[in-house]
Amino acid sequence: LTKRTLTVVFCSVLIVASVLLFIQALGFEAKAINTRTPGTRFFPIVTLSAIVAFSGAVIVKELRDGARSAGSGGEALGLSREQVLRVVLVAATAFLAYFLWDLLGFLPMAYIMVAGTTIILKIRSVWAYGVMAVAVVALYFIFKALEIPLD
Amino acid sequence: MIPEAFVSALSQLTAPFNLLLMAGGVTIGCVVGILPGLGPPIAVTVCLPFTFYLTPIQAFSLLLGVYSAAVFGGSVSAITLRIPGTGAALATVADGNAMFRQGRGGEALGLALVGSIFGGIFSAIVLSFTAPFLARFAIKFGPREYLAVTIFGVLIVGRVSHGSLLKGVLMAAVGMFLTTFGVDYLNGNTRYLFGRYELYSGLPLIAVLVGVFAVSEVFMLSETLKGKPNRGKQRLRTMLPSLKSLFRMRAALIRSAIIGTVIGIIPGEGAAIGAFLSYSEAKRTSKHPERFGEGEPEGVLAPETANNSTVGGALVPTLTLGIPGSPAAAVLLGAFLIQGLNAGPRLMTDAPELMYSIFVGLFMINIMMMGIGLVAIRYSASVTRLPSQYVVPLVMLLCFVGAYSINNDSFSVFVMLGAGVFGYIVRKLDFPIAPLAIGFVLGPLLETSFRQSIMVSQGSVATFFASPIALSLYGLLLFVFLWQPVRDLIRRRRGSPAEEQSD
């Protein structure tokens with residue numbers, strides 16, 4: 001997959017999402033009562049229209065650049081399957097930690113996230129594990145002292 | 001009133017705990033800046049949650065220390081590893097690393113340190129003189145002027161951010177749209193709640209900024225597993241430049257400080273642009289331009305002076321208009337909200353002590369940077385040896401804690417993760433993220449000022465141009481956007497290709 005293809009896909013998704021949100025915005029108040037002031041819907045409609053217009057312009061530009069350099073699909077994304085998998089796993093660990101926070105509390109969540117990410121990133125240093133274990137507990141107690149409950 | 005506030009600010013700044021916070025901020029900033037990939041916005045965002053229980057002066061002493069030192073820290077890895085710690089240090093790579101390979105690493109590090117401190121102090125002086133004046137001027141601003149200033153800020157960010165103008169403005173529009181969630185404060189109606197009561201007050205600013213800057217960077221760092229960087233056997237000892245050699249390079253030093261400060265005042269990714277511009281100016285005006293890229297001292301001094309002088313410059317629109325001059329300054333606006341303050345022209349009258357403490361604090365931070373910077377450089381060998389993926393788990397955890405502590409709820413963490421994924425995707429597709437963040441900061445101001453202007457004028461759009469200040473800003477905006485195409489057209493008509501001379 002090239003950056004060009006992905007940019008076109010991304011901008012298309014932005015356009016579809018903007019159209020859906022635009023339809024929703026039409027249900028908001030159109031004008032403030034007794035004044036000619038634009039209502040609640042005004043700013044979402046303006047910004048969504050801008051998103052549609054600029055996304056369309058980016059798509060046109062990308063396609064035109066693609067047509068000019070016929071034969072080459074554009075710059076590659078530059079990510080191997082392994083790299084993509086690693087980023088997805090780190091993101092998945094973060095989302096899992098988010099869901100576990102309410103269930104298990106801060107310390108178990110933090111250890112699961114830090115250990116999970118460390119394993120995914122193939123960090124083998126015992127020192128690193130030690131420093132991270134201490135840092136998690138230190139962070140917990142610092143925030144407890146600051147009266148910010150993390151649990 | 002003013003001298004009292006100044007004296008009070010000075011006494012609070014010199015309190016031992018405050019000095020400790022400044023020193024801690026400078027140390028954290030140096031370390032984070034040295035680590036490749038982690039720049040000033042991330043350094044400031046990860047420190048934000050620690051400011052919840054600090055007074056405004058203490059909070060800004062910490063955050064400004066982090067911000068200033070992180071900009072400088074980027075030069076260390078640029079010089080020793082040829083990997084810029086921050087985007088702002090990119091221009092330092094060529095000459096700095098060339099000097100390092102020639103065995104003149106200490107000299108290059110010394111030039112970077114002295115240049116950074118000079119730039120920082122210069123911009124602090126400019127900030128101290130211009131901010132009160134601009135605030136007095138801006139206090140007369142009504143909705144029309146604010147509308148013009150905001151439109152100017154958003155479009156300029158799109159224009160100067162790296163990447164294409166279209167992509168920059170698209171990201172600014174996305175950022176502004178994201179501010180429409182929650183209650184419409186002008187009439188109490190709600191928008192885009194999706195059944196979540198947490199959205200009544202909109203998407204949390206700090207969670208979005210942490211996600212866009214820090215979490216997206218964490219994902220970027222996770223891509224590649226790096227080994228220990230090899231910087232050879234050379235010892236990292238700083239050799240400060242002599243006054244004689246600094247005097248010889250005075251023109252580059254002063255010019256770069258001015259360029260950096262001016263570029264910093266313009267909203268956008270100032271530090272990197274300021275550094276490149278002053279590097280190219282130093283090369284253009286040098287008697288030996290052929291030496292640039294081969295280890296020319298001015299090639300280190302110029303960009304390093306400029307990138308640190310953008311710090312004070314970026315604070316000018318941030319403090320006086322509430323329009324962030326840089327991504328890190330956008331995060332600082334979040335710090336004002338944490339402290340229950342709004343950055344803008346009223347800050348000078350509402351919190352004069354804080355304003356004076358920011359002016360004086362920047363001086364003190366830059367002076368502290370001399371001592372701490374020397375130590376940080378000496379021990380940076382162990383920091384630069386750390387493979388970048390080692391910081392991923394801890395930075396992610398700090399982001400979690402930071403987002404959570406805003407409202408003590410996990411919804412902010414969810415927003416942060418969503419913003420992080422979005423930020424990562426757009427960065428991979430070469431969309432700039434600074435306009436997204438700055439659009440998000442400026443969205444409410446733009447909407448309110450537009451609707452208030454219409455309210456005042458009873459529905460007439462012509463009133464937008466009735467104010468001389470607004471009209472001047474629209475004119476300046478037109479000039480900025482039309483200057484290059486018009487110049488290219490004129491050159492084409494004259495028969496010389498625009499590309500030849502285009503910068």
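Me: What makes the pair Arg191(B) and Glu447(B) a salt bridge?
Reply: In this predicted model, the N and O atoms of their side chains are 2.9 Å apart. The cut-off is 4 Å from a side-chain nitrogen of Lys or Arg to a carboxyl oxygen of Asp or Glu, so the pair qualifies.

Me: How do you know that Arg191(B) and Glu447(B) link distant parts of the chain?
Reply: Arg191(B) is in strand E2 of chain B and Glu447(B) is in helix H19 of chain B, 256 residues apart. Both residues are buried.

Me: Which residues form a network of salt bridges with Arg191(B) and Glu447(B)?
Reply: Asp184(B) and Arg451(B) are linked with them.

Me: How many salt bridges are there over all chains?
Reply: A search of the whole structure gives 14. As a general point, side chains of opposite charge can pair when their charged atoms come close.

Me: What makes Glu62(A) and Arg4(A) a salt bridge?
Reply: Their side chains meet with N and O 3.7 Å apart. The limit is 4 Å, so the pair counts.

Me: Why can Glu62(A) and Arg4(A) be said to tie together parts of chain A?
Reply: Glu62(A) lies in helix H2 (residues 42-68) and Arg4(A) in helix H1 (residues 3-25), so the tied parts are 58 residues apart in sequence.

Me: Why are Glu62(A) and Arg4(A) called buried?
Reply: The relative accessible area is 12% for Glu62(A) and 18% for Arg4(A). Buried means under 20%, so Glu62(A) is buried, and so is Arg4(A).

Me: How do you know that Arg86(A) and Glu82(A) form a salt bridge?
Reply: Their closest N and O atoms are 2.9 Å apart, and the distance must be within 4 Å. Both residues lie in helix H3 (residues 81-104) of chain A, four residues apart, which is about one turn of the helix.

Me: Are Arg86(A) and Glu82(A) buried or partly exposed?
Reply: Arg86(A) has 8% relative accessibility, so Arg86(A) is buried. Glu82(A) has 46%. Partly exposed runs between 20% and 50%, so Glu82(A) is partly exposed.

Me: What makes Glu62(A) and Lys167(B) a salt bridge?
Reply: The N to O distance between their side chains is 3.8 Å. The cut-off is 4 Å, so the pair counts. Across the interface of chain B and chain A, the rule finds two salt bridges.

Me: How many residue pairs are in polar contact across the interface of chain B and chain A?
Reply: The rule finds nine such pairs, both residues being at pLDDT 80 or more. Several elements of chain B each supply at least two residues to the side that touches chain A, among them helix H8 (165-177), strand E2 (190-191) and helix H19 (434-456). By class, that side has 40 nonpolar, 15 polar and eight charged residues.

Me: How many residues of the two chains are in contact?
Reply: 63 residues of chain B are in contact with 69 residues of chain A. The two chains bury about 5,700 Å² between them, with 79% of that on carbon and sulfur atoms. On the side of chain B, Leu166(B), Tyr192(B) and Leu397(B) lose the most area, together 11% of what that side buries.

Me: Which residues of the largest nonpolar core touch the most other members?
Reply: They are Phe336(B), Phe400(B) and Met416(B), out of 191 residues. Beyond four places in sequence, Phe400(B) touches residues of both chains, including Trp101(A), Met113(A) and Leu417(B). A second, separate core has six residues, including Ala91(B) and Phe292(B).

Me: Why is Ile57(B) called buried?
Reply: Ile57(B) has 5% relative accessibility, and buried means under 20%, so the word applies. Ile57(B) lies in helix H4 (residues 56-81) of chain B. Leaving aside neighbours within four places in sequence, the contacts of Ile57(B) include Ala9(B), Leu13(B) and Leu354(B).

Me: Why is Val375(B) called partly exposed?
Reply: Val375(B) stands at 46% relative accessibility. Partly exposed covers values between 20% and 50%, so Val375(B) falls in that class. Val375(B) lies in helix H16 (residues 352-384) of chain B.

Me: Why does Ser286(B) count as buried?
Reply: Ser286(B) has 15% relative accessibility, under the limit of 20%, so Ser286(B) is buried. Ser286(B) sits in the loop between helix H12 (270-285) and helix H13 (298-321) of chain B.

Terms used: Residues are numbered from 1 along each chain as its sequence is written. Chains are lettered from A and ligands numbered from 1 in the order in which they are written. This is a predicted model: local features need pLDDT of at least 70, side-chain atom pairs count only at pLDDT 80 or more; totals for chains, interfaces and linings use all residues. Side-chain values use heavy atoms; hydrogens and water are left out. A nonpolar core is a set of buried Ala, Val, Leu, Ile, Met, Phe, Trp, Tyr and Cys residues joined through side-chain atoms within 4.5 Å. Buried means under 20% relative accessible area, exposed over 50%, partly exposed in between (1.4 Å probe, protein chains only). Contact means heavy atoms within 4.5 Å. Buried area is the accessible area (1.4 Å probe) that two parts lose on being put together, summed over both. A polar contact is a pair of N or O atoms within 3.5 Å; within protein, one must be able to donate a hydrogen and the other to accept it, and residues adjacent in sequence count only if both atoms are side-chain atoms. Ala, Val, Leu, Ile, Met, Phe, Trp, Tyr, Cys and Pro count as nonpolar, Asp, Glu, Lys and Arg as charged, and the others, Gly among them, as polar.
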